[in-house]
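This report goes through the surroundings of the ligand, the sheets and several local backbone features.

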Amino acid sequence: MIEFSRHKMNRIIAHLDMDAFFASVEEVTTPSFKGKPIVVGSDPNDGKGRGVVSTANYKARVYGIESAMPISIAWRLSQEAKKQSKEEVIFLPVDFSLYGKVSKSVLQTIKKYSNNVEQASIDEFYFDLSFTSSFRAVEDVCQKIKQEIKEKEKITCSIGIGPNKLVSKIAAGIKKPDGIFLVRDLDVKNFLNPLSIRELPGIGPKTGEFLNKKGINKIGDLIKFSKEELKEVLGKNGESIYYKARGIDDSPVLEYHQVKSIGEQTTFSKNTLEPIFIHSALKRLSDSVFKSFERSAFTTFGTITITARFFDFETKTSSKSFKMAIDKSNKKKFELEILKLLLPFLDKRSNPKRKPIRLIGVRIEKLI
Ligand code: TTP
Ligand code: MG
């Protein structure tokens, strides 16, 4: 059938994203949670908790709860629902090792169907299906993968298919949950143009708002500008956004770059600028990060980054890169560098208004 034929020269890339991942895994692991609204994240502590929501399942999303929302607001929304005799939300802590196991198992399933699979995050995978002969065959393979994951893990996922990683990732969000969405080469423009510019990776809240103020809301508005014009308004990001807006993306599916960094962060129960308290919290985080590094297959890292979020949510980071990468025998150096990165946040160098800190984080990058 002509309708399903395709140019073999073009790539076919799929993007698979698990639905409400952490919450779905919790639902399967504890049968009594099945069908209930679930939020995975920090301890809500009767509404006084200070962390954020990692994810909410679709039942809890109906209450307006979403990823990255303060857990205290999620708690309030749950209490409001309860008052209206709706089901109360079950709040659960994050259990990375549990989700990691499921993630690994999903990766194995996908690998049965494609010999080039890239894990992009704990619940996202790109895989190459360019070997297929027709769009019908592509959809068949994706249906099989979805079916096998459903049988094995008892949870659903959504798959987007397109001529490159960029388009497939955006497509995966279109029919969520439990959907498949295919964008053919010739349809890329019609697919992208009506979408919000925020759908493009690289356009975050700030750039989004900046462009909205200029009347640029849809991807279709963005493609009216030349490369030079975009570079002028967006700086060095402009060129990549010029291509993304046209659905152009040549980046390869790379099997091995799962972990780019190892990091942890903690929200304090009280905003503080108490040096001993902050340093000991940072010491605990750095011990834990270094332990993960020791257990990992990496031998060195080249960059350390510290994040501090102040009481008003202003967030600053400070990084140091090393010519001589740090290895597993170098914990003392790591600790010293962390201390050096921390100190400016405690005085006027990086904290001129002496704002109390609510969150601190440590991350190591350039892992080899
Ligand atoms: P997502 O795929 O963004 O979200 P999701 O799988 O929960 O829901 P969806 O059906 O919309 O895909 O993220 C995957 C997991 O990563 C998510 O289950 C929890 C975690 N996560 C956080 O911890 N913080 C966040 O801000 C986000 C967005 C996700
Ligand atoms: Mg997901």
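In this predicted model, a side-chain N or O atom of Asp-123 lies 2.9 Å from an oxygen atom of ligand 1. Two further pairs of this kind involve Arg-61, through its side chain, and Phe-22, through its backbone. The table lists the three distances.

| Residue | Part of the residue | Distance from its N or O atom to an oxygen atom of ligand 1 |
|---|---|---|
| Arg-61 | side chain | 2.8 Å |
| Asp-123 | side chain | 2.9 Å |
| Phe-22 | backbone | 3.0 Å |

On its own, ligand 1 has 560 Å² of accessible area, and the protein covers 69% of that. Four elements give two or more residues each to the shell around ligand 1: strand 1 (13–18), helix 1, strand 3 and helix 2 (58–61). The shell holds 14 residues, of which Ala-20, Thr-55, Tyr-58, Arg-61 and Asp-123 come nearest to the ligand. By class, the residues of the shell are six nonpolar, three polar and five charged.

Asp-123 falls between two paired strands. Strand 5 (residues 117–121) and strand 6 (residues 124–128) run antiparallel to each other and share four bridges. The connection from strand 5 to strand 6 is a hairpin with two residues between the strands. Within this pair, Val-117 has Phe-127 of strand 6 as its bridge partner.

Thr-55, one of the residues that come nearest to ligand 1, also takes part in a sheet, as the bridge partner of Val-40 in strand 3. The pairing behind that bridge is between strand 2 (residues 38–41) and strand 3, which is antiparallel and has three bridges. Both strands belong to an open sheet of three strands in the order 3-2-4, where the pairing is mixed. Strand 3 (53–56) and strand 4 (90–92) are the edge strands; each has a single partner strand, so one side of each has no neighbour in the sheet. On average, neighbouring strands here are turned by 25° against each other, with direction ignored.

Helix 1 (residues 21–29) lies across strand 2, strand 3 and strand 4 of this sheet, and its direction makes about 115° with strand 2. Helix 1 is thus linked to two parts of the picture: the helix lies across these strands, and it is among the elements that give two or more residues to the shell of ligand 1. The loop between strand 2 and strand 3 contains Asp-46. The phi angle of Asp-46 is positive, near 50°, although the residue is not glycine.

A second open sheet has four strands in the order 9-12-10-11, with antiparallel pairing. Which strands stand at its edges? They are strand 9 (261–272) and strand 11, and because each has a single partner strand, one side of each is left without a neighbour in the sheet. The average turn between neighbouring strands of this sheet is 15°, again with direction ignored.

Strand 10 has partners on both sides in this order. With strand 11 (residues 315–327), strand 10 (residues 300–310) forms an antiparallel pair over nine bridges. With strand 12 (residues 357–365), strand 10 forms an antiparallel pair over eight bridges. Ile-304 appears in both pairings: its bridge partner in strand 11 is Lys-320, and in strand 12 it stands opposite Ile-364. Helix 12 (residues 275–295) packs on this sheet and touches strand 9, strand 10, strand 11 and strand 12. The direction of helix 12 makes about 160° with that of strand 9.

Strand 10 and strand 11 form a hairpin with four residues between the strands, and in this hairpin Phe-313 has a positive phi near 75°.

Two other loops have features of their own. In the loop between helix 6 (165–172) and strand 8 (180–182) lies Pro-177. The peptide bond that joins Lys-176 and Pro-177 is cis, with an omega of about -10°.

Asn-193 is placed in the loop between helix 7 (188–192) and helix 8 (205–213). What does Asn-193 touch, leaving aside residues up to four places away in sequence? Its contacts are Lys-218, Ile-219, Gly-220 and Ile-223. Gly-220 is 27 residues from Asn-193 along the chain, yet their C-alpha atoms are separated by 3.9 Å.

Technical notes
Residues numbered from 1 in each chain as written. Chains lettered and ligands numbered in written order. Predicted model: local features only at pLDDT ≥ 70, side-chain atom pairs only at ≥ 80, totals over all residues. Heavy atoms only, no water. Pairing = 2+ DSSP bridges. Axes fitted to C-alpha atoms, helices over the stretch in contact; angles between N-to-C directions. Contact = heavy atoms within 4.5 Å. Near = heavy atom within 4 Å. Polar contact = N/O pair within 3.5 Å; in protein donor to acceptor, adjacent residues only side chain to side chain. Areas by Shrake-Rupley, 256 points an atom, 1.4 Å probe, with all protein chains shown as cover. Nonpolar A, V, L, I, M, F, W, Y, C, P; charged D, E, K, R; others polar.
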